[in-house]
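Colleague: Got a minute to walk me through this one? I'd like to start with a single residue and work outwards.

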Amino acid sequence: MGRLFRDQRQVADVMLNIAYQGDIGWLFCGDVLIADNFCNGETWQVGLRDYADAIDAAGGKLTLVVTPLRRGVRVKVTSSMAARLEQSDACVADVTDVYATPVYHMPVGE
């Protein structure tokens with residue numbers, strides 16, 4: 001079950017916590033999308049247990065992509081063609097924190 005979960009009796013999951021600003025976040029393992037999130041200001045949490053073998057196979061590498069949130073967008077359509085021009089006052093895309101938290105399983109009454 002992958003290196004993240006060597007002692008399955010105690011570690012039930014590993015949560016990847018991602019604090020970011022932007023529009024949409026995507027988390028990839030190799031070229032496979034394993035989670036996505038629409039930014040709402042809260043820390044995005046992704047459970048990694050189901051992807052432990054794929055993460056190991058990828059050398060422990062994950063790729064995080066954040067699309068920018070555009071503010072003050074104006075759309076100009078000056079042609080009868082399908083072309084359009086978008087202008088914005090600002091774009092925001094920032095990852096402020098990423099950390100992993102283990103989730104422990106402790107049986108009671110054994």
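Modeller: Sure, and keep in mind that this is a predicted model. Let's begin with Val-32, which sits in strand S3, residues 32–38.

Colleague: Is Val-32 buried or exposed?

Modeller: In between: Val-32 counts as partly exposed because its relative accessibility is 46%, and the partly exposed class runs between 20% and 50%.

Colleague: How far is Val-32 from Thr-63 in space?

Modeller: Their C-alpha atoms are 9.9 Å apart, with the two positions 31 residues apart in sequence numbering.

Colleague: What sheet does S3 belong to?

Modeller: An open sheet of three strands, ordered S3-S2-S5, with antiparallel pairing. S3 and S5 (63–66) are the edge strands; each has a single partner, so one side of each has no neighbour in the sheet. From one strand to the next, the twist averages 20°.

Colleague: And how many bridges hold S2 to S5?

Modeller: Four, between S2 (residues 24–29) and S5. As an example, Gly-25 has Val-66 as its bridge partner in S5.

Colleague: Switching topic: how many disulfides are there?

Modeller: The count is zero. As for cysteines, Cys-29 is buried, at 7% relative accessible area, while Cys-39 is partly exposed at 26%.

Colleague: What about S4, which residues are on its covered face?

Modeller: Trp-44 and Val-46 are on the covered face of S4 (residues 44–47), with Gln-45 and Gly-47 on the uncovered one. Side chains in a regular strand alternate between the two sheet faces.

Colleague: Which S4 residue is the bridge partner of Asn-17?

Modeller: That's Gln-45. S1 (residues 11–21) and S4 run antiparallel, joined by four bridges.

Note on methods. Residues numbered from 1 in each chain as written. Predicted model: local features only at pLDDT ≥ 70, side-chain atom pairs only at ≥ 80, totals over all residues. Heavy atoms only, no water. Buried < 20%, exposed > 50% of the residue type's maximum accessible area, 1.4 Å probe, protein only. Helix = DSSP H or I, 4+ residues; strand = E, 2+ residues; numbered from the N terminus. Pairing = 2+ DSSP bridges. Disulfide = S-S within 2.5 Å. Axes fitted to C-alpha atoms, helices over the stretch in contact; angles between N-to-C directions.
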